[in-house]
Amino acid sequence: MLACFLLLAIAPARAQLVDTARPNLAAQISTRIVEVTTGFTGAEILVFGAAERPLGGEAGDQVLVTVRGPRTPQVVRRRVEFFGIWVNGPSARFLDVPGFYAIAGTRPVWEVLPEEARAEGMLGLDTLPLAARGAQEPSFRAALLALKQADGRWQEHAVPVEVSGGRLFLARIPLPATVPTGPYLVEVLLVRERRVVAQQTLNLEVRRVGTAAWISAVARQAPLLYGVACILLASLAGWLGSVLFRRS
Amino acid sequence: MQVYLPIAEMSVDALLLLGMGFGVGWLSGMFGVGGGFLLTPLLILIGIPAPVAVASGANQTLGASVSGLIAQWRRGTVDPVMGGVLLAGGLAGSIAGVQLFALLRRAGQVDLAVSLFYVVVLGTVGALMVRESLRAILRRRGGVAAKPNEHTWLHGLPLKMRFRKSRLYISAIPPLVVGFGIGVLSAIMGVGGGFMLVPAMIYLLGIPTAVVIGTSLFQVVFVAANVTLLQAWQVGSVDIVLTMMLLAGGVAGAQFGASMGAKLRGEETRALLGLLVLSVAVALLVDLIHTPSSLFAIGPMP
């Protein structure tokens with residue numbers, strides 16, 4: 001009789017223990033390769049998955065999705081007035097910044113995770129290592145954040161992580177046409193009681209394909225040959241055009 | 001329809017590029033100039049980075065001028081000796097120009113330099129053209145004869161050469177200097193420089209009008225080719241997709257413009273062209289002195 005009681009008392013406790021130790025999270029992305037063709041106007045990647053416990057709301061688990069692109073050093077210049085005209089003045093160089101960064105969540109990241117956890121995982125634009133060389137004023141940092149967000153290459157909760165049926169989640173992350181090419185990392189985090197309890201990392205690659213890829217590869221690897229080709233192609237096109245459109 | 005430019009790394013509306021090419025080609029056919037001075041600022045205006053706009057503009061000028069050169073060569077209106085001397089200066093000038101361009105790019109001042117060059121050069125040339133053509137129109141009405149070529153200090157320089165087709169016996173230094181100057185401007189502004197070269201050849205060097213267009217095209221084609229090569233090699237900013245889109249519209253437009261230009265009178269055409277050049281200069285100047293909407297600009301590490 002006593003044993004029976006004990007068993008009843010322990011059973012849910014044990015289930016809970018297993019649950020917190022290995023919370024289940026399954027995530028996937030709609031594509032592993034984003035192809036930049038000559039007709040590329042931007043793309044959208046779908047990050048979706050399911051969790052074991054109810055998601056969203058005040059009490060449920062929260063899902064965070066981050067997408068990080070390759071490191072792309074940036075220069076921020078301030079325009080100054082010089083004898084009536086606006087010229088590029090002091091500049092700050094940011095070497096260690098991602099070319100693309102997006103974070104989305106069922107709730108804003110600063111509401112679901114403490115500062116230390118955010119800083120450690122680089123979750124949120126304010127946690128990016130924006131150390132500048134050159135001009136040090138904070139306004140350069142602010143300008144970088146504002147301009148990168150304006151052109152869509154950095155996003156902070158620009159799109160939501162939608163929850164359907166309580167356990168399924170879905171985020172549509174837009175990639176602008178100016179998205180840098182290279183390897184990307186997509187991270188999906190499950191947050192419970194202000195702690196990351198599960199995470200899954202997926203690889204994504206943005207690469208140029210077709211003519212666009214070929215042209216930029218030739219231009220970079222054999223610039224002299226590319227220059228000669230440009231001269232020949234332009235001459236040929238000019239000559240051909242004048243033959244085709246001759247109106248006499 | 002959007003088209004992705006692989007070197008500029010951005011998407012632009014293909015119809016916009018074709019339309020711009022057509023419009024500029026039409027104007028250039030009408031006025032008999034390459035049109036690079038209109039195209040490069042327009043490209044910058046629609047958001048193409050200045051280095052790509054300049055390099056692809058030079059590449060486009062090459063394509064737009066090549067058929068003209070072939071036609072002029074067949075007609076025998078190219079002075080190869082004069083063209084060769086101008087070209088020697090032009091090649092040296094464009095090499096110097098591309099080095100300056102690369103230097104300015106590293107210093108982050110390339111956009112400003114391109115705009116300033118445009119304002120100063122187009123402002124001066126446009127004002128001179130308008131003044132000269134207005135005078136010609138007035139002179140025609142008043143019936144005053146034009147002054148013959150004067151003997152100036154330019155004729156006292158050493159290194160005299162005989163230019164048979166141009167019927168000139170002058171020093172090689174002035175054409176070399178003119179060629180050099182146009183070469184520098186060609187490299188920095190992405191233009192062929194025909195709109196400056198033609199008046200310089202007529203007024204400074206005294207070359208007969210019959211061989212001016214052919215000989216200037218000779219210089220423009222080869223200098224533009226050199227700028228294309230050097231920009232592709234040293235700066236890496238020639239976008240062949242952009243060039244081809246512009247050329248596709250441009251060669252079609254040029255043929256329509258040429259037939260229209262034949263109906264206009266010389267002085268009126270020059271006055272119109274002068275006004276056009278001046279208005280581009282003013283538009284760029286306004287852009288320079290206008291307080292920018294954002295005081296900061298971001299760009300990739302040069």
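This report walks through a predicted model of two chains, A and B.

## How far to trust chain A

Let's start with confidence. The pLDDT of chain A averages 84, and 90% of its residues score at least 70. The exception to keep in mind is the stretch 1-20 of chain A, where the pLDDT is below 50. Apart from near neighbours in sequence, that stretch makes zero contacts in the model, so it's best to look elsewhere for the fold.

## A six-stranded sheet in chain A

Now find the open sheet built from six strands of chain A, in the order β2-β13-β12-β4-β7-β9. Its pairing is mixed. At the edges sit β2 (33-36) and β9 (154-156) of chain A, each of which pairs on one side only. If you ignore direction, neighbouring strands here are turned against each other by 20° on average.

Take the β2 edge. β2(A) runs parallel to β13 (residues 195-208) of chain A, and four bridges hold the pairing. One spot to look for is Glu35(A), whose bridge partner in β13(A) is Arg207(A). In a regular strand, side chains alternate between the two faces of the sheet. You can see this along β2(A): Val34(A) and Val36(A) point to one face and are buried, while Ile33(A) and Glu35(A) point to the other face and are not buried.

Over at the other edge, β9(A) is joined by three bridges to β7 (residues 101-105) of chain A, and these two strands run parallel as well. Here Tyr101(A) stands opposite Trp154(A) of β9(A).

## A sheet shared by both chains

A second open sheet crosses from one chain to the other. Its four strands come in the order β8(A)-β6(A)-β5(A)-β5(B), and the pairing is antiparallel. The edges are β8 (132-134) of chain A and β5 of chain B, each pairing on one side only. In this sheet, neighbouring strands are turned by 40° against each other on average, direction ignored.

Within chain A, β5(A) and β6 (residues 85-94) run antiparallel and are joined by eight bridges; Val80(A), for instance, stands opposite Val87(A) in β6(A). Between the chains, β5 (residues 74-82) of chain A is joined to β5(B) by five bridges, again antiparallel. Look for Val75(A) there, standing opposite Gly299(B). Helix α4 (residues 138-150) of chain A lies across β5, β6 and β8 of chain A together with β5 of chain B, at about 70° to β5(B).

## Where the chains meet

The contact goes beyond that sheet: 45 residues of chain B touch 51 residues of chain A. On the chain B side, the elements that each supply at least two residues include β1 (2-5), α3 (50-75), α8 (209-235), α10 (266-289) and β5 (296-300). The largest share, nine residues, comes from α9(B). By type, this side of chain B divides into 30 nonpolar residues, 14 polar ones and one charged.

## Chain B as a whole

Chain B has ten helices and five strands. Its C-alpha trace spans about 55 × 40 × 40 Å along the principal axes. Its radius of gyration is 19 Å, which agrees with the value near 19 Å that a compact globule of 302 residues would have.

Inside, 54% of the 302 residues of chain B are buried. Contacts tend to link distant parts of the sequence: among those between residues at least 6 apart, 81% join residues at least 24 apart.

Notes
Residues are numbered from 1 along each chain as its sequence is written. Chains are lettered from A and ligands numbered from 1 in the order in which they are written. This is a predicted model: local features need pLDDT of at least 70, side-chain atom pairs count only at pLDDT 80 or more; totals for chains, interfaces and linings use all residues. Two strands pair if DSSP finds at least two bridges between them. Axes are lines fitted to C-alpha atoms, for helices over the stretch in contact, and angles run from 0 to 180 degrees between N-to-C directions. pLDDT is the predictor's confidence in each residue, from 0 to 100. Two residues are in contact if their C-beta atoms, placed from the backbone, lie within 7 Å. Ala, Val, Leu, Ile, Met, Phe, Trp, Tyr, Cys and Pro count as nonpolar, Asp, Glu, Lys and Arg as charged, and the others, Gly among them, as polar. The radius of gyration is taken over C-alpha atoms; the globule rule is 2.2 Å times the number of residues to the power 0.38. A residue is buried if 20 or more other C-beta atoms lie within 10 Å of its own, exposed if 12 or fewer, and partly exposed in between; C-beta atoms are placed from the backbone.
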